[in-house]
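Here is a short briefing to read alongside the structure. Have a look around first, and then let's walk through a few of its features together.

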Amino acid sequence: MSELAGPPVPGLAKLWTHDPVTAGPYRLVGRLGAGGQGVVYLGEDDSGDRVAVKMVNVDLSDPRARSQFVKEIAAARRVAPFCTAQVLFAEVDGERPYVVSEFIEGLTLHRHVRERGPVTGNALHRLAVGTVTALAAIHSAGVVHCDLKPDNVVLGEDGPRVIDFGIARALGNTETASSRVMGTTAYMAPERFRDDAIGPPCDVFAWAATIAFAAGGRPPFGTDSLFAVMHRVLHDPPDLPAMPPVLDELIRECLAKDPADRPAAERVLVRLLRQDGRVTEPLRRESLLEVGNETAGAPTPDHPLPQVTPTAPQPGGTQPQVPTQARPTQPAHLPVSEPGVGTGGGGALRRLRREAVDAWGISTALFLGSVGAAAGYVASSALGPSAAVGGAAFVVVYLVRLLVATALGSRSEHG
Ligand SMILES: Nc1ncnc2c1ncn2[C@@H]1O[C@H](COP(=O)(O)OP(=O)(O)OP(=O)(O)O)[C@@H](O)[C@H]1O
Ligand SMILES: [Mg+2]
């Protein structure tokens, strides 16, 4: 293993003889593990900043596979940093494509439960909140995880973090993806065994199965043969461990056989936070994610990530295709992404739509409109003119607030 610049990492294994020794600007200093998608290495740059480098077993020589990979990884990079390990960049031109993401130090949930037993009480609540916060952030960026399971949750010292989102989808229907079915069946939603469309509800199902595993030490449809598990997922009710009533009810709803019957991740988060009084009124999405992040034990993510410089030209002449990005210093604004809507002008339009129905803005305009009407009535003692003054005050206050809020939102998102 090449020398570590930073503190030791428990469980880090030596590089194998034929392992690569660099990935872009990073020295690879050991193996973090290996799964169905490839091998994950710990990378360090010159200043000792650490990343996880996943070398994926995939042939991207087919332009369609390559463009799907680039598209999905670019989407994964837009996921807000709430309880997630940020995707930094990907290299797709070399012989061995790889994805670089934030390194989270800690045990995976799978290993934690195997070695230390089930998660209970407050720790279970925080785990449920943290992982569903991550899922809500992932879905609001238009990404579907497609492989949420206890191996893809790392229990960092500042709370749980979901890793590997978007990678399964980036690999599409390649052989690598289909040969992995064996390992993850226990967390796969029924629609994944049919030829049905796959969307966010399949992650909600996987989230519920993951939390049930954390609480009881076994997934709710068992772990025996592939066909037995698949049969139970498709036809049987889940076998759940004892859990607090609110969580139990939520998990059952999320494990519904029909994806249309499952609540969205954001709804699950609201219900979990309502239970402990953290949310009593409707919150905007970004505030909701912040509360979820905080409840899970994570600090507001205001520290910049290791600044990644663009990869120097490689011996094989390769360059990263998906450029580098640091964690936003002010994550209060979630990069909302709607299918078919680009960034730039689309962002302003979305913000305008969001502000147009903002309850606080409408109430303020209504209040000032009534004040205007009352003042008009005092001045004129006539109903007609005072109603006109009130109406005009409402319209002016509403429009001015709408324009100012949209403009300020736009500046803070781009600033
Ligand atoms: N961002 C990360 N930070 C810290 N450790 C990581 C990170 N990504 C991966 N790891 C470690 O590498 C191990 C292997 O990850 P990998 O994703 O290859 O396997 P997996 O999750 O078991 O299976 P799959 O390929 O289905 O995702 C993980 O179990 C985890 O310990
Ligand atoms: Mg993984």
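Which strand gives the most to the shell around ligand 1? In this predicted model, the answer is strand 2, with four residues. The notes below begin with that shell, then turn to a sheet and a helix.

**Around ligand 1**
- Of the 22 residues around ligand 1, the ones that come nearest are Gly 33, Gly 35, Val 40, Ala 52 and Asp 151.
- Strand 2 (26-35) is joined by strand 6 (98-102), each supplying at least two residues of the shell.
- Sorted by class, the shell holds nine nonpolar, eight polar and five charged residues.

**An open sheet**
- Strands 7, 8 and 9 form an open sheet in the order 7-8-9, with antiparallel pairing.
- At the edges are strand 7 (106-108) and strand 9 (159-162), each of which pairs on one side only.
- From one strand to the next, the twist averages 30°.
- Strand 7 and strand 8 (residues 153-156) run antiparallel and are joined by three bridges; Gly 106 has Gly 156 in strand 8 as its bridge partner.
- Helix 2 (residues 109-116) packs on this sheet, where it touches strand 7 and strand 8, and its direction makes about 90° with that of strand 7.

**The two faces of helix 9**
- Helix 9 (residues 245-254) has Leu 247, Leu 250, Ile 251 and Cys 254 buried.
- These residues lie on the same side of helix 9 because they cover an arc of only 100° around the axis.
- Their cover includes helix 3 (121-140), helix 7 (200-216) and helix 10 (265-275).
- On the face turned away from the buried side, Pro 245 and Glu 249 are exposed.

Technical notes
Residues are numbered from 1 along each chain as its sequence is written. Chains are lettered from A and ligands numbered from 1 in the order in which they are written. This is a predicted model: local features need pLDDT of at least 70, side-chain atom pairs count only at pLDDT 80 or more; totals for chains, interfaces and linings use all residues. A residue is buried if 20 or more other C-beta atoms lie within 10 Å of its own, exposed if 12 or fewer, and partly exposed in between; C-beta atoms are placed from the backbone. The arc is that of the directions from the helix axis to the C-beta atoms. Two residues are in contact if their C-beta atoms, placed from the backbone, lie within 7 Å. A residue is near a molecule or strand if its C-beta atom, placed from the backbone, lies within 6 Å of it. Ala, Val, Leu, Ile, Met, Phe, Trp, Tyr, Cys and Pro count as nonpolar, Asp, Glu, Lys and Arg as charged, and the others, Gly among them, as polar. Two strands pair if DSSP finds at least two bridges between them. Axes are lines fitted to C-alpha atoms, for helices over the stretch in contact, and angles run from 0 to 180 degrees between N-to-C directions.
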